[in-house]
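Me: I have a structure open and would like to learn how to read it. Could you walk me through it?

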Amino acid sequence: MSLLIEADHLTRILPATVPVTLVRDVSLTVGEQEFIAITGPSGSGKSSLLYLLGLLDRPTSGILRVAGRDTSSLNDHALAHLRLDMLGFVFQFHFLLPEFSVLENVKLPMRKAGRLSSGEMRERAAGLLEELGLAGHLDKRPDQLSGGQRQRVAVARALANDPHVVLADEPTGSLDSKSSEQVFQILRDLVRKRGKTVIAVTHEMDIAARVDRRIHLVDGAVVSDDRVAPAAV
Amino acid sequence: MRLIFELALTHIAGRGRQTIVAILGVALGVGFSIAMAALMQGTEKDFIAQLVDTMPHVQITDERRTARRQPAEDLFAATQFEGLRPKEDRRGILNPAAAFASLRSWVPGRMAQSLRTQGVVRYAGRDVGVSIIGIDPETEARVSSVAGDFVEGSFDALRAGGNNIVVGDGLARRIGASTGTTIQVVAPTGQSRGFRIVGLFHTGNVARDEGEAYVLLKSAQILSERPNAINDIRLRLDDPEAAPRVARQAEAELGYKAVPWQEANESLLEALVVRNVVMYTVVGAILLVAGFGIFNIISTITHEKARDIAILKSLGFTQGNMRRLFLVEGLALGLAGSLVGWLIGFLLCFALSQVEFKVSGAGIGREMTNLPLFWSPWHYAIASAFALISSGVAGYLPARQAARLNPVDIIRGAT
């Protein structure tokens, strides 16, 4: 099993008059096809750790390797490229661009990557959306969809460039229980059926209980990192 | 880059009301600066046009810039004269026919010669001092603005008889004369002759309307006992701006003082320079204020879009992409605003040009004046360049700031 993400003594301190330590000396590795939940009380640095792993933020100290590359020496441009290739994001709020149609939102990362022709992009985006049960909504605006549907569009967008890792920040945080369950199923299928690695920040014990690996944070430090036997599908 | 353009356009098109406000903000700034510039420059041009119109462009008189050198001074280097009283010369331009012909060979424009002398108009027991100007009606009509200011008669009427005269309506009123009246004109030489008024003119300039009388050149020469003499050549050039050059050349050729209109109105033109400084300050201030308005609107939009910057960054867009995106948006709004602004500026100019108001000249109330406007593509170009620069800066600066921000902060703040 090759390592996708290797974190070595990551620390992130928010510079302020009274510096705040968001992430404290975290070391962990993430391999392929893992389903990981990061849990912890609010303010324990769950999201901060996720953003560090997702290259949206830079650590104050420590080394982070993504796909074997040391990210500390990469500039903004190279980081953006690595994100584009390796990572997909799903946030608590869908964060779709409101002026663009569902299909356009999903196509956006592909267009940025620029590897596919316009027809292929459309086909791939439509395929992803259909798999997520959004076949009839391709040309709608995000504000014409329900919360659960929007979150599924966000998942489709995260998958647009076929990333190795999907990072999810409270993906079910703003959804009702039925939609939550749907999104959870989708994330689990990403691991089980597509072989992706999913790292989800969550405070919902219901979800945390059903993943393969739980990383528990308190005050920015890892207090437990348990692997559990895969639950029955 | 095409993706950036499309993103920018979709952003703009997706926010209908805000986009319209932004474009209108730019457009008003551009439109008003165009109108102000047109008005400011228009009034200046109008002022100069009136100046140039009423005056000869170059006036050559029988004076000299410096006293004539004595022949002996030219012959002997050591000669010096003290307290010399030169013999009285024959006054006027010497050999006028030759001078006139040589000017005609190269001056680009029309010219007229005249003999100007002082005299007294005497009628019904009143004496009024006037300038008596002897002219050739045909050439004079082509040079003098008075030709267009006749209330009754014309210069041509002079030709009908040797004793005809045309005077300003102010003069006629002062002495109680009218067309057909015969008045006495007394010259400094003591010569006195009766002239019949065959025309009245009104220039709007009181000094001229009350103080000028035109007769045939021959009559003026007889009155002043200077047969064949002229002392005044006036040029009306095709290009008024060429006056200083023509005057210099004429002066070098003839030796007589040739005054271009710029020199004759030096103090007025100096006042215009001050006025220009004021004008450019005002137009510049309008552009500056408009620029700030544009900056304000577009930077607000960019700030509101900070969340999109975070989203796009998380999708793999770079800081440079984001800066370019908002620069393009700012420029697009600036461009659209400029185009609408051109229309507004054009319509404003048109509306202003329709404004009419009366200038009551000497109680005659004859003059209906429009606001003078000067149309120049430069006004449009400068105003929209200003708008484009400020909207570009307004898009770029906040975007640069936002692109530098950690997307994490924006995502967190967005809740």
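**Where the chains meet**

Reply: Let's start at the interface: 18 residues of chain B are in contact with 20 residues of chain A, where contact means that C-beta atoms, placed from the backbone, lie within 7 Å. This is a predicted model, in which local features need pLDDT of at least 70, side-chain atom pairs count only at pLDDT 80 or more, and totals for chains, interfaces and linings use all residues. Residues are numbered from 1 along each chain as its sequence is written, while chains are lettered from A and ligands numbered from 1 in the order in which they are written.

Me: Which element gives the most to the side of chain B that touches chain A?

Reply: Helices (H or I, at least four residues) and strands (E, at least two) are DSSP runs, numbered from the N terminus. Here α1(B) gives the most, with four residues. The elements that each supply at least two residues are α1 (2-14), α12 (306-314) and α15 (407-413) of chain B.

Me: In what order do the six strands of the open sheet in chain A lie?

Reply: Two strands pair if DSSP finds at least two bridges between them. Following the pairs across chain A gives β6-β7-β8-β3-β9-β10, with mixed pairing. At the edges are β6 (87-90) and β10 (221-227) of chain A, each pairing on one side only. From one strand to the next, the twist averages 15°.

Me: What packs on that sheet?

Reply: For angles, axes are lines fitted to C-alpha atoms, for helices over the stretch in contact, and values run from 0 to 180 degrees between N-to-C directions. Helix α5 (residues 147-158) of chain A touches β6 and β7 (165-169), and makes about 170° with β6(A). Helix α6 (residues 177-192) of chain A touches β3, β7 and β8 (197-201), at about 150° to β8(A).

Me: Parallel or antiparallel: how does β7(B) pair with β5(B) and with β6(B)?

Reply: Take each partner of β7 (residues 192-201) of chain B in turn. Strand β5 (residues 164-168) of chain B pairs with β7(B) in the parallel sense over five bridges, and Val167(B) has Leu200(B) as its bridge partner. Strand β6 (residues 182-186) of chain B is antiparallel to β7(B), also over five bridges, with Thr182(B) opposite Arg196(B).

Me: How many residues lie between β6(B) and β7(B) in their hairpin?

Reply: Five, and Gly190(B) in the turn has a positive phi of about 95°.

Definitions and conventions: Contact = placed C-beta atoms within 7 Å.
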